[in-house]
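Open the model in your viewer and keep the selection box ready. Each stop below tells you what to pick and what to look for there.

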Amino acid sequence: GLFAGKLLRDKKIPVLVLAPEDQNPDLLVGSIRAPRGYHFDTFLTKHKNLFIASGGHERACGITFPKNKFFQVATTFLTECEGQALEKKEEKDDAIPLTIEDLTFEHYAFYEKFFPFGEGFEAPKFSLTLPSQAFSFSPVGNLAYSFSSNGEGKVVAFSSFDKIQQKELLTCEGSLGFDTYQGKKQVVFRIEDIKEN
């Protein structure tokens, strides 16, 4: 499930990850993870005859089935993905807009009141627009960063350097976190995607 979740975040498409069951290698155990707009609970119901066990909700499911049904399950999963992708309505951007000066301890303390986030109650996405010249590049490692004038916040990117350097104005989407490094505390906006302006 953790690996399927990581692939989903990286690829932003539905994924099915399978492994042999520990006690019985003739069975495959799988985790399905899907982006918003997909409904794999209906997939489980429609194809329950393929599975020995199944459960979950629309975007996070688990399945167990005999290894000899691998190709049938894989083909059915891919067909379902294609069908749902065609029917899926374009999701509206629901990222919450911020400015770099919103990255304060006070605002982060308010954000923490909504913890914990997880399956079924996901952490919100945020967006931030900055000029590319606000970023500096670390001389060691893959890190670009920008700091708020109040010193309480920073914006970091671990990739997408080409996009940062090619554009004058960047609309970034990402998540909020909190860092303590060498005794210095900061609210961190971690860039996960840079949108086309």
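Which glutamate side chain meets lysine 46 in a salt bridge? Select glutamate 80: the N to O distance is 3.0 Å. Lysine 46 sits in helix α2 (residues 40-46) and glutamate 80 in helix α3 (residues 70-87), so the contact ties together parts 34 residues apart in sequence. Colour the two by exposure. Lysine 46 is exposed at 53% relative accessibility, whereas glutamate 80 is buried at 9%.

**Confidence check**

This is a predicted model, so colour the chain by pLDDT before going further. The average is 87, and 92% of the residues score at least 70. Confidence is highest in β1, at 96, and lowest in helix α5 (residues 161-166), at a mean of 68. Where pLDDT is low, the coordinates should not be read in detail.

**Other salt bridges**

The whole structure holds 6 salt bridges. Select arginine 59 and glutamate 122 next. Their closest N and O atoms are 2.8 Å apart. Arginine 59 lies in the loop between β3 (53-57) and β4, and glutamate 122 in the loop between α4 and β6, so this pair links parts 63 residues apart in sequence. Arginine 59 is buried, with a relative accessible area of 16%. Glutamate 122 is partly exposed at 36%.

Now move to lysine 154 and aspartate 179, whose closest N and O atoms are 3.7 Å apart. Lysine 154 belongs to strand β9 (residues 153-157) and aspartate 179 to strand β10, so parts 25 residues apart in sequence are tied together. Add Arg190 to the selection: salt bridges with shared partners join Lys154, Asp179 and Arg190 into one network.

**Strand β2 and its neighbours**

Select residues 27-33, strand β2. Of its 7 residues, 6 are buried. On one side, strand β1 (residues 15-20) runs antiparallel to β2, joined by 6 bridges. A hairpin of 6 residues connects β1 to β2. To find the register, pick leucine 18: its bridge partner in β2 is glycine 30. Then show strand β4 (residues 60-66), which is antiparallel to β2 and joined to it by 7 bridges. Here leucine 27 faces proline 66 in β4.

**The seven-stranded sheet**

Which strands form the edges of the open sheet? First trace the order: β5-β6-β10-β11-β9-β8-β7, 7 strands with mixed pairing. The edges are β5 (96-98) and β7 (136-137), each paired on one side only. Within the sheet, β6 and strand β10 (residues 169-181) pair antiparallel over 6 bridges. Leucine 130 stands opposite leucine 170 in β10.

**Aromatic rings**

Show all Phe, Tyr and Trp rings. The search finds 17 aromatic pairs. Take phenylalanine 110 and phenylalanine 114: the ring centres are 5.5 Å apart and the planes lie at 80°, so the pair is edge-to-face. Phenylalanine 110 is exposed at 52% relative accessible area. Phenylalanine 114, in the loop between α4 (105-112) and β6 (126-131), is partly exposed at 42%. Switch to a surface view. Phe110, Phe114 and Phe121 make a nonpolar patch of about 330 Å². Phe121 also belongs to an aromatic cluster, whose members include Phe105, Tyr108 and Phe178.

**Last stop**

Pick glutamate 101, in the loop between β5 and α4. How far is glutamate 101 from phenylalanine 51, C-alpha to C-alpha? The two are 51 Å apart in space and 50 residues apart in sequence.

Methods. Residues numbered from 1 in each chain as written. Heavy atoms only, no water. Buried < 20%, exposed > 50% of the residue type's maximum accessible area, 1.4 Å probe, protein only. Helix = DSSP H or I, 4+ residues; strand = E, 2+ residues; numbered from the N terminus. Pairing = 2+ DSSP bridges. Phe/Tyr/Trp six-rings, centres within 6.5 Å; stacked < 30°, edge-to-face > 60°. Patch = residues over 30% accessible without salt bridge, like charges linked within 9 Å, V, L, I, M, F, W, Y side chains within 5 Å. Areas by Shrake-Rupley, 256 points an atom, 1.4 Å probe, with all protein chains shown as cover. Salt bridge = Lys/Arg side-chain N within 4 Å of Asp/Glu carboxyl O. pLDDT = per-residue confidence, 0-100.
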